[in-house]
Structure formats: C-alpha cells, structure tokens
Amino acid sequence: MADDQGLTPPAPLVVAASLASVEGLLVLAYGVLLAADVHADRAAMGVTTSLFFILLGALITACAWYVVRRRTWARSPIVVAQVMALGLAWNFIGGDTTWVSVVLAVVAAVVLLGLLHPASVEALTDPDDGTT
C-alpha cells in the first residue's frame, strides 16, 4: 500500500497504525453504546461522556489513517493514547480483569514500539526541514 508520496510505509508503522485504528474503533463503539444508554436523570453526564469517547475514538482512528500517510503530527495523539492505555492497564491488574490489563499493555507496547521503530521515525521525518 503506497501513501500519498508514492512510498510504501514500513511494516512497523503499518502494524502500529492498524492496532491504533482498531483501538480507535473500539473506543468509538464504546462511545456509541454509552450514547444509547443515556438516562434522563444524568443526561448531561451521559451525553458529555459519550461525546468524549466518540471524539477520542474518531481522533485515534483518523490519526492512524494519517500516520500511514506520513503525517508527522498524527503520531503524537497516538502516543498519548498508548500512554493512557498503559495507565488504564495498570488499573485493571488483579482479579478477573487481569486479562484486560495484559491485552491493553501488550497492544500499547506494540503500537509504541512500532511508532518509535527507526524505520517508522525515518518515514515520518519531514525531508524538507532537515531534522531527524
């Protein structure tokens, strides 16, 4: 799959973006489920919470799309989301939710490693600014 510049993105970047897009779609779906379950007694909280998750999911999904197209700015929101996922994974350690913790931590680590892989960093370096 070639990007807008006609170059094929490196595999670590594609894997990271693919996993991030799955995360984004899951967060988006969670926001839609929350929106469908808004109750009148807490309407403001329900609407704002569901909007937060819908917008967050859409942002992560869009950034995953743009990072494969070598838009450097799109990497930062994905990195922030992975750091948040690592913190959330820490909260799920213990009891029946340990498996959730492991899944969140592994996916976040793979995405971070894919985004920070030397081939990904090189692919996201703007050739016009002369920096690395």
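**Helical packing and local environments in the predicted model**

Among contacts in the chain between residues at least 6 apart in sequence, 61% join residues at least 24 apart. The structure described here is a predicted model. The chain contains five helices and zero strands, and its pattern along the sequence reads α-α-α-α-α. The C-alpha trace spans about 55 × 30 × 25 Å along its principal axes. Of the 132 residues of the chain, 30% count as buried.

The largest nonpolar core comprises 17 residues, and those with the most contacts inside it are Leu 13, Ala 20, Val 67, Ile 78, Val 111 and Leu 115. At least two residues of this core are supplied by each of helix H1 (11-36), helix H2 (43-68), helix H3 (75-91) and helix H4 (98-116). The largest share, six residues, is drawn from H2. The surroundings of Val 111 illustrate the contacts made by one of these core residues: with residues up to four places away in sequence not counted, Val 111 touches Ala 16, Leu 19, Ala 20, Ile 78 and Gln 82. Two of these partners, Ala 20 and Ile 78, are themselves listed among the core residues with the most contacts.

Two helix pairs were examined in terms of their packing geometry. Two packed helices are described by the angle between their axes and the distance between the axes. For H2 and H3, the packing angle is about 130° and the axes lie 8 Å apart. H2 and H3 are therefore oblique to each other, and their crossing is left-handed. On the H2 side, the residues involved are Leu 59, Ile 60, Cys 63, Ala 64 and Val 67, which meet Arg 75, Pro 77, Ile 78 and Ala 81 in H3. This interface thus includes Val 67 and Ile 78, both of which are named among the core residues with the most contacts.

H3 also packs against H4, at an angle of about 155° and with the axes 8 Å apart. Because angles over 145 degrees count as roughly antiparallel, H3 and H4 are assigned to that class. The crossing of H3 and H4 is left-handed. The contact is formed from the H3 side by Arg 75, Ile 78, Val 79, Gln 82, Ala 85, Leu 86, Leu 88, Ala 89 and Trp 90, and from the H4 side by Ser 101, Leu 104, Ala 105, Val 107, Ala 108, Val 111, Leu 112 and Leu 115. Arg 75 and Ile 78 of H3 take part in this contact, and they also meet residues of H2.

Ala 105, located in helix H4, has a relative accessibility of 25% and counts as partly exposed. Apart from neighbours within four places in sequence, Ala 105 is in contact with Leu 86 and Ala 89, and both of these partners belong to the H3 side of the H3 and H4 contact. The C-alpha atom of Ala 105 is separated by 19 Å from that of Leu 56, which is 49 residues away along the chain.

Phe 53 is placed in helix H2 and is likewise partly exposed, with a relative accessible area of 24%. Its contacts, leaving aside neighbours within four places in sequence, are with Val 27, Leu 28, Tyr 30, Gly 31 and Leu 34. Leu 34 is 19 residues from Phe 53 in sequence, and the two C-alpha atoms are 8.6 Å apart in space.

Arg 70 lies in the loop between H2 and H3. With a relative accessibility of 14%, Arg 70 counts as buried, because the cut-off for this class is under 20%. The backbone of Arg 70 has a phi near 65°, a positive value in a residue other than glycine. Most residues other than glycine have a negative phi.

Ser 120 is found in helix H5 (residues 118-123) and is buried, with a relative accessible area of 0%. The side chain of Ser 120 reaches the backbone nitrogen of Leu 13 at 3.3 Å. With neighbours within four places in sequence set aside, Ser 120 is in contact with Pro 10, Pro 12, Leu 13, Gly 114 and Leu 115. Among these partners, Leu 13 and Leu 115 also appear in the list of core residues with the most contacts.

Conventions:
Residues numbered from 1 in each chain as written. Predicted model: local features only at pLDDT ≥ 70, side-chain atom pairs only at ≥ 80, totals over all residues. Heavy atoms only, no water. Core = buried A, V, L, I, M, F, W, Y, C linked by side-chain atoms within 4.5 Å. Buried < 20%, exposed > 50% of the residue type's maximum accessible area, 1.4 Å probe, protein only. Helix = DSSP H or I, 4+ residues; strand = E, 2+ residues; numbered from the N terminus. Contact = heavy atoms within 4.5 Å. Polar contact = N/O pair within 3.5 Å; in protein donor to acceptor, adjacent residues only side chain to side chain. Axes fitted to C-alpha atoms, helices over the stretch in contact; angles between N-to-C directions. Parallel < 35°, antiparallel > 145°, perpendicular 65-115°, else oblique. Left-handed = near helix turned anticlockwise from the far one by under 90°.
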